[in-house]
Amino acid sequence: MEVLVLSYRGEPLREFPLGHRPLEIGSGPGCDIVVHDARVRERHLLASAIGGSVMLYELRAGGKRAPVRALEPNVPIRVGLHHTITRMRSEVARPGPSRAHTEPLGVDACADGEVSLIVGSGNEARRIPLDGRPLTIGASSRADVVVHDRTVSHRHCRLEPCVDALWLRDLGSRNGTHVDGVAVELARVLPGSEIQIGRTRLRLVGRGRPGDAREDGLIAESPEMGEVLELVERYAQAREAVLVRGESGAGKEGVARALHSRGPRAGKPFIAINAGGMTASLVESTLFGHERGAFTGAAASRRGLFEQADGGTLFLDEIGELPLEMQKRLLRVLDHWEIRRVGGEQIQKVDVRLVCATHRDLREMVREGTFRDDLYWRVAQLEIRVAPLRERPKDVMALARHFLAQKGGGRALSAEAMQLLLTHDWPGNARELRNVMGRCATRATGARISLRDVEAIFDEMGVEARGSGVWAIEEVVDQHGGNLTAAARALGIPRSTLRDRYNRARRRREAG
C-alpha cells in the first residue's frame with residue numbers, strides 16, 4: 001500500500017496510509033500530519049488519493065481555490081524549513097476502513113458535475129457544483145463558499161474529495177459542524193447528507209449523468225431541462241406552493257415528484273390527483289373527504305387527499321380545470337391550512353406542500369374571469385415551466401434510448417430512425433414518445449429499429465410524422481457553432497444526411 005512519509009532533515013519520522021480519506025498537513029494540533037515548524041501554516045496542505053494519483057492542494061489563507069499539483073512517487077516535497085513529505089510504497093499491509101454499502105462518491109462524481117452543494121433553503125437557496133477540489137465554507141469573503149451568517153466561523157468547514165468519497169472536515173469552528181444532527185470533526189458524506197453550520201443548512205445532492213434516469217425518473221440532457229433541474233434543486237427546499245406549467249405529457253408530474261423527493265418531505269406521502277373532468281361535488285369529496293351519510297352513496301367516512309398528504313406533498317394536476325366554486329373552497333384551505341370534511345363539523349389542521357400543474361395560461365384565465373386572481377397568487381408563489389419536447393431535441397434522443405432500454409431488449413435505433421424522431425413535432429410530448437418506442441420494441445424483429453419500423457408505427461397510430469425539423473436540426477447545428485460535421489457526429493448520422501435534411505427543412509420553413 002502507499003503511504004506518506006514525514007521526514008525531518010532526511011530522517012523518516014512516521015508513515016501515514018494513503019487512500020481511504022484525505023490527509024491534512026499543517027502545524028495545527030488537529031491536522032492529520034502535524035509538522036512542528038513556525039514556517040508551516042496551521043492548515044498548510046491537503047493530500048488526497050484520486051485514482052492512481054495523489055493530489056496535493058495548497059491551503060493558502062484567502063486563496064479563492066486551492067492550487068493543486070500531483071505528488072510523484074519517491075519525490076520529497078519540502079514542508080517548512082527542515083521537514084519533507086514523500087509518497088512511497090510500504091511493504092507493511094494495514095487494514096483499511098470497512099466500506100459502507102453505498103454508491104461510490106468521489107472526485108470523479110464531483111468532476112462530472114454529478115454532485116452539488118445546496119446552501120440555504122427556499123428562495124435564498126444556492127446550488128454550488130463540486131468540481132473535484134477542496135471547498136472551504138465560511139463567513140469570510142475569502143472562503144470558496146461564502147455564508148452570510150453571523151453564527152458561522154470565518155473558515156468553518158471544508159469539503160474534501162477522495163478516491164471514492166467526500167469528506168467533511170470541521171476547521172475549528174466556534175459552534176461546530178453537524179452532519180445529520182451529529183457533531184463531527186471529520187466525516188464521510190453522501191448525497192442526501194444534511195450539514196448544519198451555525199443557523200445555515202447545507203445539503204449534498206446528486207444529479208446523475210446526462211441522459212441517465214435519476215431516482216425521481218427525470219431524464220435531462222437538454223439545456224432547457226437542465227434549467228428545470230436547477231430550479232427543482234432550489235425550490236425543493238422551500239415551503240411555498242409551486243406551479244408547474246407545460247403541455248400535456250411534457251413531464252410536469254415528474255417535476256412534481258422531483259420537488260418532493262429532493263426536499264425535506266421525501267419520506268412522507270406524495271399524493272397526486274388530476275382535477276380535469278371532475279364535477280365540483282366529486283372534487284370536494286376527493287380533496288377534503290366526507291363523513292358517512294354526507295350524500296347519497298356515502299356509506300362510510302373517507303379521508304380526503306389533504307389528510308392523506310399530511311406532512312408530505314399534494315400534487316394537483318390541471319388546476320385550471322377546477323370549477324369556480326371549488327377554487328373558492330381551495331383558497332380558504334390555503335389561507336389557513338384547515339380542512340373540514342363534506343358533511344362534517346370538525347376542523348382539522350393539515351401540513352401539506354402544494355404543487356399544482358396546468359397546460360393552460362392561468363393569467364389569461366384570470367383576465368377572462370374563469371380563474372380567481374387571489375387563488376392564482378397562492379398557487380403560483382414559485383413557477384417552473386417545462387418546455388415541450390419539440391423544443392428539446394437532445395431530450396428526444398435521451399428519452400428514446402431510455403424508453404427503448406426499458407422495453408427493447410437491447411435494441412438500438414438506426415440513424416435514419418433517430419432523425420425521423422428528431423424532426424417530429426411530438427404533440428403528445430414524452431407520453432407520445434414512450435408509446436412510439438414501446439410499439440417499436442414490440443414490432444421490430446432485428447437488433448436495430450429502422451426508419452421503416454418507426455414510419456409503420458406512425459401509420460398504425462394515424463399520426464403524421466410532422467417535421468419541424470428546421471428548428472430541431474438548426475438547434476443542434478447552432479450548439480456546435482455551425483459545424484455540420486460536429487453536429488452530425490452528435491446526432492449519430494452521416495454528414496451528408498444532416499446537410500440534405502438541414503437544407504430541405506430550411507427551404508420548407510422559408511416557403512411556409
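R169 sits across from L186 of strand β18. That is a handy place to start in this predicted model. The pairing behind it links β15, residues 166-170, with β18 in the antiparallel sense, over four bridges. Strand β18 itself is short to describe: it covers residues 186-189, and its two faces differ in cover. A187 and V189 lie on the covered face, while L186 and R188 lie on the uncovered one. So much for β15 and β18; the sheets come next.

Strands of a sheet pair through backbone hydrogen bonds, and the pairing can be parallel or antiparallel. One open sheet here has four strands, in the order β2-β1-β9-β8, and its pairing is antiparallel. At the edges stand β2 (11-17) and β8 (77-79); each has a single partner strand, so one side of each has no neighbour in the sheet. Direction ignored, neighbouring strands of this sheet are turned by 30 degrees against each other on average. Inside the order, β1 (residues 2-8) and β9 (residues 83-89) run antiparallel and are joined by seven bridges. To pick out one position, V3 has M88 as its bridge partner in β9.

A further open sheet is built from five strands, ordered β4-β3-β5-β6-β7, and here the pairing is mixed. Its edge strands are β4 (33-34) and β7 (68-70), each of which pairs on one side only. Strand β6, residues 53-58, runs antiparallel to β7, and three bridges join the two. Within that pair, M55 is found opposite A70 of β7.

Now to the helices. Two packed helices are described by the angle between their axes and by the distance between those axes. For α9 (residues 393-407) and α11 (residues 429-443), the angle is about 45 degrees and the axes are 9 Å apart. The two helices are therefore oblique to each other, and α9 passes α11 in a right-handed crossing. On the α9 side, the contact is made by V396, L399, A400, F403, L404, Q406 and K407; on the α11 side, by A430, L433, R434, M437, G438 and A441. Sorted by class, the contact of α9 with α11 comes to nine nonpolar, two polar and two charged residues.

Helix α11 also packs with α12, and the axes of this pair come within 10 Å and cross at roughly 120 degrees. Again the helices are therefore oblique to each other, and α11 passes α12 in a right-handed crossing. From α11, the contact takes in V436, R439, C440 and R443, and from α12 it takes in D453, V454, A456, I457, F458 and E460. The residues in the contact of α11 with α12 split into six nonpolar, no polar and four charged.

That leaves α10 (residues 415-422), which packs with α12 (residues 451-460) at an angle of about 35 degrees, the axes being 7 Å apart. In this contact, E416, A417, L420 and L421 of α10 meet L451, V454, E455 and F458 of α12. The class count for α10 with α12 is six nonpolar, no polar and two charged residues. V454 and F458 of α12 thus turn up in the contact with α10 and also in the one with α11.

Definitions and conventions:
Residues are numbered from 1 along each chain as its sequence is written. This is a predicted model: local features need pLDDT of at least 70, side-chain atom pairs count only at pLDDT 80 or more; totals for chains, interfaces and linings use all residues. Side-chain values use heavy atoms; hydrogens and water are left out. Buried means under 20% relative accessible area, exposed over 50%, partly exposed in between (1.4 Å probe, protein chains only). Two strands pair if DSSP finds at least two bridges between them. Axes are lines fitted to C-alpha atoms, for helices over the stretch in contact, and angles run from 0 to 180 degrees between N-to-C directions. Angles under 35 degrees count as roughly parallel, over 145 as roughly antiparallel, 65 to 115 as roughly perpendicular and the rest as oblique. A crossing is left-handed if the near helix is turned anticlockwise from the far one by less than a right angle, and right-handed if clockwise. Contact means heavy atoms within 4.5 Å. Ala, Val, Leu, Ile, Met, Phe, Trp, Tyr, Cys and Pro count as nonpolar, Asp, Glu, Lys and Arg as charged, and the others, Gly among them, as polar.
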